[in-house]
Amino acid sequence: MLCCFALSLVACATVPHTGRKQLNFVSDKQLNSIGAKAYSEILKREPVSENKTLNETVKRVADRIGKVADETDKPGFEWDVRLIDQDIPNAFCLPGGKIIVYKGILPYAKTEAGLAAIIGHEVAHAVARHGAERLSQQMALQGVGAVGSEIFKSTDGKLDEKTRAIIGALGFGATIGVILPYSRTHEFEADRIGQTYMASAGYEPEEAVKLWSRMSAIKKPPIPPWLSTHPADQDRVNKLIESSPDAQKKYQEVRDKIGLGVQLDVLMDQSDRQ
Ligand SMILES: [Zn+2]
């Protein structure tokens, strides 16, 4: 907040759902173009899954969440999603709405609704411009400079310090070896918005509580990359329990129209047998 006052109102934005004022002097255009470049870069490097059933499920969840986000918050994103065929527990939504889900996170999600909790949370970070806010905070600390428009221009894998800082700030860095956890403010915010999204998309919001309870129980290494950027503890589980009644109301309004999601572990078992 102090930064907001110091840097005048032109650098302030308001987060949807929570109304929190945030520092942001990075334009959506700049950031979305970085997101699109990162997306194509990742798809060049990583194997996209060819499993039809899993792809359909991941796409269905992302479509439903994106539709709700469009209806409620109009982020102006061009949504897309890919399932990466790697046993890495990770998922993120790039600025501009490009979503990456690694197959390795599906056992943690357990159900389609659990995956909706993960994707809802990631989409919430993007819609709430948490990456832009972190970047703006870093730029404010370092003196305002140009955003890394050169980012991902070269594909030789060499990343200078500034570019690494940007990647870390944008929250998908674990893929590229830069891990910068989201702040607790951002995590609580993404939980609350994400739970609203999943409920409005027809997924039982209680699954978010279960997901984060499972995640917060993981104490021993190796800690999944997704957990490194989104630290889990009992506080966030408690806050999700607090926001559950509101999410339940939204879920009850739509669930008869959409129906319940499928069990992911059943799908994965089937795909393993194929
Ligand atoms: Zn998070």
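Start by selecting the zinc ion and the protein atoms around it: the donors are His121 (NE2), His125 (NE2), Glu187 (OE), Glu187 (OE) and His230 (ND1), at 1.8 to 2.7 Å from the metal. Keep in mind as you click around that this is a predicted model.

Now label the donor residues along the chain. Their spacing reads H-x3-H-x61-E-x42-H. Color Glu187 and His230 next: Glu187 belongs to helix H8 (residues 184-200), while His230 sits in the loop between helix H10 (225-229) and helix H11 (234-258), so this pair ties together parts that are 43 residues apart in sequence.

Before moving on, switch on a surface. Are Glu187 and His230 buried or exposed? Glu187 has 3% relative accessibility, so it counts as buried, the cut-off being under 20%. His230 is buried too, with a relative accessible area of 1%.

Next stop: helix H5. Select residues 112-127 and put a distance on the C-alpha atoms at the two ends. You should read 22 Å, and that agrees with the 22 Å expected for 16 residues at 1.5 Å a residue. Leave the surface on for a moment: 16 of the 16 residues of H5 are buried, so the helix is largely enclosed by the rest of the structure. Then step past the end of H5 to Arg129, and check its backbone: phi is positive there, near 55°.

Go back to H8 and add helix H3, residues 52-73. What angle do H3 and H8 make where they pack? It is about 110°, and their axes are 9 Å apart. That makes H3 roughly perpendicular to H8, because angles from 65 to 115 degrees fall in that class. Rotate the view to look along the line joining the two, and you'll find that H3 passes H8 in a right-handed crossing.

From H3, slide back to Pro47, in the loop between helix H2 (28-45) and H3. Pro47 is partly exposed, at 38% relative accessible area. Draw a distance from its C-alpha atom to that of Leu83: the two are 36 residues apart along the chain, yet their C-alpha atoms are separated by 8.7 Å.

Last, select the cysteines Cys12 and Cys93. How many disulfides does the structure hold? Zero. On the surface, Cys12 is partly exposed, with a relative accessible area of 23%, whereas Cys93 counts as buried at 8% relative accessibility.

Technical notes: Residues numbered from 1 in each chain as written. Predicted model: local features only at pLDDT ≥ 70, side-chain atom pairs only at ≥ 80, totals over all residues. Heavy atoms only, no water. Donors = N, O, S within 2.8 Å, 3.2 Å for Na, K, Ca; no water. Helix = DSSP H or I, 4+ residues; strand = E, 2+ residues; numbered from the N terminus. Buried < 20%, exposed > 50% of the residue type's maximum accessible area, 1.4 Å probe, protein only. Expected span 1.5 Å × (residues − 1). Disulfide = S-S within 2.5 Å. Axes fitted to C-alpha atoms, helices over the stretch in contact; angles between N-to-C directions. Parallel < 35°, antiparallel > 145°, perpendicular 65-115°, else oblique. Left-handed = near helix turned anticlockwise from the far one by under 90°.
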